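Colleague: Could you take a close look at the backbone of this chain and tell me where its geometry is out of the ordinary? Some context on the surroundings and the overall fold would help too.

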Amino acid sequence: MSVKLIHRPRRLRRTEAMRRLVRETHVTADDLIYPMFVTHGSSEPIAAMPGISRLSLDDLCKEAAKAAEAGVPGILLFGIPAHKDEVGSEAYAEEGIIPRALRRLRREVGDALLLMADVCLCEYTSHGHCGILKHGRVDNDATLELLQQCAVAYAAAGADVVAPSDMMDGRVGAIRTALDDGGYTECAIMAYSAKYASAFYGPFREAAGSAPQFGDRRGYQMDPANAREAVREVALDLEEGADIVMVKPALPYLDVIRVVREVSEAPLAAYNVSGEYAMLKAASANGWIEEERAVKEVLHSIKRAGADIIITYHALEYLRSLQAG
Ligand code: PBG
């Protein structure tokens, strides 16, 4: 007796040509931002992030040229300062690592790459918190003034985009005002709007030496249990003048990416963070998963969830694997 099936979805999966024809999601160079760490000294690999290093200014320029060649629209810079202090002075100093890197890159790569600079104090403070302290707590409004100074210093050094990741209330509006007052009306803001207090930042904190020396970041970063609150944070940032909003981390928050996509028409970035990268690298180093396929699957999941922009340490390797076919 023959079976009569009307629907046979497998027809559309038969050959690669057919699968290509009906593929819903594509992750290309245009979707990706490559995050990079820059230091005053010489380059050093980051143990928990195989393939990623803290880069000297010279190596940063070389690696940025590779990123431009691979076709990513932009890179996101994180600085490792020479000295840390209570108020994170190097974050907003004209000769700080980020302004120095921006000036060099602007000269060497021209307009081929968008230069994005993370705005936060945690890499620069001796206590490792994202703002300045008063009576052992992060003081929101006093921190805003320093974040304004960071943003203006980075715009003056050539940043196309500043990306506040500190999670202070009102920082997007404060930064927008400072940029406009300084004449940097064209510098865009990519706000880390829904940034969760996550365990997945571990390798980054090792890379930047930015783990808080006491307490944790739960007083300013979001509770992983909350999704509606992300919608509210995004709305506030857009009201304050954010050009691009972000959900971070990506993988444990794909539902949040989807919800934000549905309620807002602003470009949406998702940050595939250091811990997500490290997990995959560690498993593949052990031979437990196939790295190339896993990376592809991860990036597609983030795009499918609704992200327009994916910030990922996998960017260059992924694009190399695409080229290799
Ligand atoms: C700085 C900042 C962090 C990351 C981006 N900006 C670390 C943190 O909040 O502790 C994490 C990026 C990553 O893990 O890849 N505030």
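Modeller: Below I go through the backbone spots, then some buried and exposed residues, and then the whole chain.

A word on the ground rules: this is a predicted model, with local features needing pLDDT of at least 70 and side-chain atom pairs counting only at pLDDT 80 or more, while totals for chains, interfaces and linings use all residues. Residues are numbered from 1 along each chain as its sequence is written, and side-chain values use heavy atoms, leaving out hydrogens and water.

As background, most residues other than glycine have a negative phi, and most peptide bonds are trans. Against that, the peptide bond from Lys248 to Pro249 is cis, with omega near -10°. Pro249 sits in the loop between strand E10 (244-248) and helix H9 (254-263). Helices (H or I, at least four residues) and strands (E, at least two) are DSSP runs here, numbered from the N terminus.

Then there are two residues to look at for phi. His135 is not a glycine, yet has a positive phi of about 50°, and you'll find His135 in the loop between strand E6 (133-134) and strand E7 (137-138). Met167 isn't a glycine either, and its phi is positive at about 65°; Met167 is in the loop between strand E8 (161-164) and helix H6 (171-181). As for cover, His135 counts as exposed because its relative accessibility is 80%, whereas Met167 is buried, with a relative accessible area of 4%. Buried means under 20% relative accessible area, exposed over 50%, and partly exposed in between (1.4 Å probe, protein chains only).

Following H9 onward, you come to Ser264 in the loop between H9 and strand E11 (268-272). Ser264 counts as buried, since its relative accessibility is 8%. Setting aside neighbours within four places in sequence, Ser264 is in contact (heavy atoms within 4.5 Å) with Val234 and Leu238.

Another buried spot is Ala207, in helix H7 (residues 202-208), with a relative accessible area of 1%. Beyond its neighbours within four places in sequence, Ala207 is in contact with Phe37, Ile46, Arg54 and Ile80. Ala207 and Ser274 are 67 residues apart in sequence, with 9.4 Å between their C-alpha atoms.

For the outside, try Leu21 in helix H1 (residues 16-22), which is exposed because its relative accessibility is 67%. Together with Leu12 and Val22, Leu21 forms a nonpolar surface patch of about 280 Å² accessible area. Patch members have over 30% relative accessible area and no salt bridge, with like charges joined within 9 Å and nonpolar side chains (Val, Leu, Ile, Met, Phe, Trp, Tyr) within 5 Å. A salt bridge puts a side-chain nitrogen of Lys or Arg within 4 Å of a carboxyl oxygen of Asp or Glu, and accessible areas come from Shrake-Rupley with a 1.4 Å probe, with only the protein chains shown counting as cover for residues.

Zooming out, the chain has twelve helices and twelve strands. Its radius of gyration is 20 Å, close to the 20 Å that the globule rule gives for 325 residues, so the chain is as compact as a globular protein of that length. That radius is taken over C-alpha atoms, and the rule is 2.2 Å times the number of residues to the power 0.38. Along its principal axes the C-alpha trace spans about 80 × 40 × 40 Å. Of the 325 residues, 52% are buried.
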